Amino acid sequence: MDNTRTQDTFSQLSQEKILKIMNMVKNKEVSIEGALHLAQKELYAEKDSQDLLTGSQFNFSIYKYKHYRWQKRILQIDFNTKTIFNIEKGIIKKQFPFSQVKACEDTERRRFSIVFHGRQDYELEAVSLDDKRKITYLLSRVIQSNSYKRPAESCSGRPAECDVIHEGLLDLQQNTFTSTEWVKYLVQLREGELTLYCIGLGGKNKTADPVTNTINLSGGNVSVNKENGCSTFSVQTKQHNYLFRIPFTVQNNRTEVVGKLQNEWVSLIERYCQLCKGASLPQEGSQGCTSSEADYEDFTVPLNEQKDKALHFGVSSATTSLNKSSSPQRKPAEGEAAPVSPSLPLPISKAEVPPAPPAFPQPCSLSPSTKRTKAFHWDVVPCDKIQKSVWGSCDPCKKKIDVSRLCDQFQIQDMAVFSGNEPSVNQHIMLDRKVAHNFNIFLKSFRIKPSELKEKLYVVHEESGGLTDEQITALRRYMPTPKDAERYQSFKGSPSELHVVDQFMLEMCKIPHLGQRLDLLLTIRELPVSIRDLEPLINQKIQASKQLQSSQKFVAVLEYILAIGNHLNEKAGKEKAKGFRLSSLTKLPLLRGKERTFTLLHALVEQIFLHEPDLAKFSQELTEFEAVPDASMKGLSAEVDVLKKELENVIQCRRLIKPKTIKATPQESQFCKELKDLIQKYEGDLSQLSKRCDEMKKLYSNLLVKFGEPQDLDSQELFGWISSFISEFRKACAEVMP
């Protein structure tokens, strides 16, 4: 063990926590390595509490699965407005009130899902495990506030901390590919959730972050049962079945003590599951039928179905080769948990040896002269429609085509470099079968040898021979987990004996700080594009705010509306108003006169033409409002905030991977120099963008004061009202004065 690292970790803990962990070691409840993992977990928990409980608005860069691909978005969790926002390039695409959030499902690697009442789930992927931990932490606070009718924030508008009701060390049963094993976890029960902190990883993963998983009890579909024997119990969720065991220790060495601990865990979890079932119905006002459909994204195809189609579209040959197995596979029975990635605590219902993963058969051999090409998946015209269509008289044989050119461009690349490493019929893969299946599909088009991967990570730009953005994104998704790293680092044989999937995984496990390197490359490429995209949007908002602030004619039009409205309300027996919200501008066309085509907006136009016809041209002072605004200042501010975090992460990554020795290779030295220059440039560009963003927010804040609007009103609404009013005013002018 690294003594310096151990001292640094424990020195940051309180004496009470150090004593607690050391007592666990003394009682042989945890090993020395397990104690270090516990200390790391405590540090992460303290850091999360400091970072997350002192703010009220949190922005995270995430990827959302839609239309067969992952789209980059910003997830904003706002405890001031009690709303979750989905933002894309400064545009608030959708927003969900906290009351609509039902649960948060923790899935493999960086992925997770937000479950809503009566709505399609949001399947998301965080850019890092640290971000995923923070997001799920905040969402758990939201879920608990919904389930127990507690305020989601304190009086200062911040997320409230929830106390640990019960905690202890438990063994969790997990699958490996050759056996079933028990892995030790620190389990904490809070209102609405069961949090698992893995402390059973081997000593070879000393730099790995603590592996965590959360079982949400707030979905209303969780149950707990005692299993055979006095030491085991299971927790069943909608998708998984977790089997726990009370570990035998110095203190828990008698059957009656173990049985008492089992009863205690089961009764407490069962109690809070029952509470959650009673509170799992949507709160009043949050039912799907009472919310506008426009507030939610349309999902025409279920997510699982989309991914299945995406996998089968254009990769049928790869899919077929992977789906075959040397032995028939048992289908899971109804209600039985499906296999999941070993990166998470792997739930199983019985202590049985899992079946071996499917072997990867050798692809069909083709003669050297035969070149396979990519398929063009077009939509074929039905035979009964050919005769009467233009296709009936077409003769494709008359058209000459350059066959060699087509084959050169669209032939499937030969993977002969790995031909000697293709597995035999009985060869098994060390990686999880589902991950291996998808990773192998990706590797079919990844024309890089495993030994070349590390070199590619020192090339910043794609045009200089580096990895493409798509390749970096894919490699990030298949990053080896701490459990994968432990498995591959224990492999003592020759890499040539392994399947190409395992060869790549083995090589990835050998590269230090691989995740940070991939994140760095992707961010350093995306930063200039994001800055370039945001700059004109922010400038447009600044210009629009200045125009609205200085427009005297628009204020004069508002005065006419106020006079007309007060006159009507006085005659209707209502009090006069001193001012009105700009949202009222959209209601002018809705109040009709005795003639159905004549509205209050037409009356306004008539009065202006009668008394001050020059005011009819007020829109000439508001040219930035010609089109309906898309991006909002709230969204743009979130984008800039995320860019700052990403640049800070790049700086930290550079410090992490910077060569610690004087004898750095020329490639490493060139990479670090180029990286340093880019960081300096992006810091200057982002500083200027941040100043413009601050100017934009200040101008808009002054506008809200000028027109008496609340400070939390988003510009997308305010500017949208004005843009709509200008458009409707012009139509009314054309109808009144043709």
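Biologist: Which residues is R517 in contact with, leaving aside its neighbours within four places in sequence?

Modeller: R517 is in contact with L457, Y458, I511, P512 and I657; contact means heavy atoms within 4.5 Å. This is a predicted model, where local features need pLDDT of at least 70 and side-chain atom pairs count only at pLDDT 80 or more, while totals for chains, interfaces and linings use all residues. Residues are numbered from 1 along each chain as its sequence is written, and side-chain values use heavy atoms, with hydrogens and water left out.

Biologist: Why is R517 called buried?

Modeller: Its relative accessible area is 8%. Buried means under 20%, exposed over 50% and partly exposed in between, with a 1.4 Å probe and protein chains only, so R517, at 8%, counts as buried. R517 is found in helix α15; helices are DSSP runs of H or I with at least four residues, strands are E runs of at least two, and both are numbered from the N terminus.

Biologist: What makes a set of residues a nonpolar core?

Modeller: The members are buried Ala, Val, Leu, Ile, Met, Phe, Trp, Tyr and Cys residues joined through side-chain atoms within 4.5 Å. The largest such core here has 102 residues, and those with the most contacts inside it are F439, F554, L604, F725 and F729. Helix α15 (residues 514–550) gives the most to this core, with 13 residues. Apart from it lies another core, of 25 residues, including Y185 and V235.

Biologist: How do you know that strands β9 and β10 pair?

Modeller: Two strands pair if DSSP finds at least two bridges between them. Strand β9 (residues 180–190) and strand β10 (residues 193–198) are joined by 6 bridges and run antiparallel, so they pass that test. One bridge links Q188 to T195 in β10. The two strands form a hairpin with 2 residues between them, and G192 in the turn has a positive phi of about 90°.

Biologist: What makes β4 and β5 edge strands?

Modeller: Each pairs on one side only. They belong to an open sheet of 7 strands in the order β4-β3-β2-β1-β7-β6-β5, with antiparallel pairing. The edge strand β4 (91–97) is joined to β3 (residues 83–88) by 6 bridges, with T83 standing opposite P97.

Biologist: How does helix α18 run relative to β1?

Modeller: Helix α18 (residues 633–657) runs at about 90° to β1 and lies across β1, β2, β3 and β4. Axes are lines fitted to C-alpha atoms, for helices over the stretch in contact, and angles run from 0 to 180 degrees between N-to-C directions.
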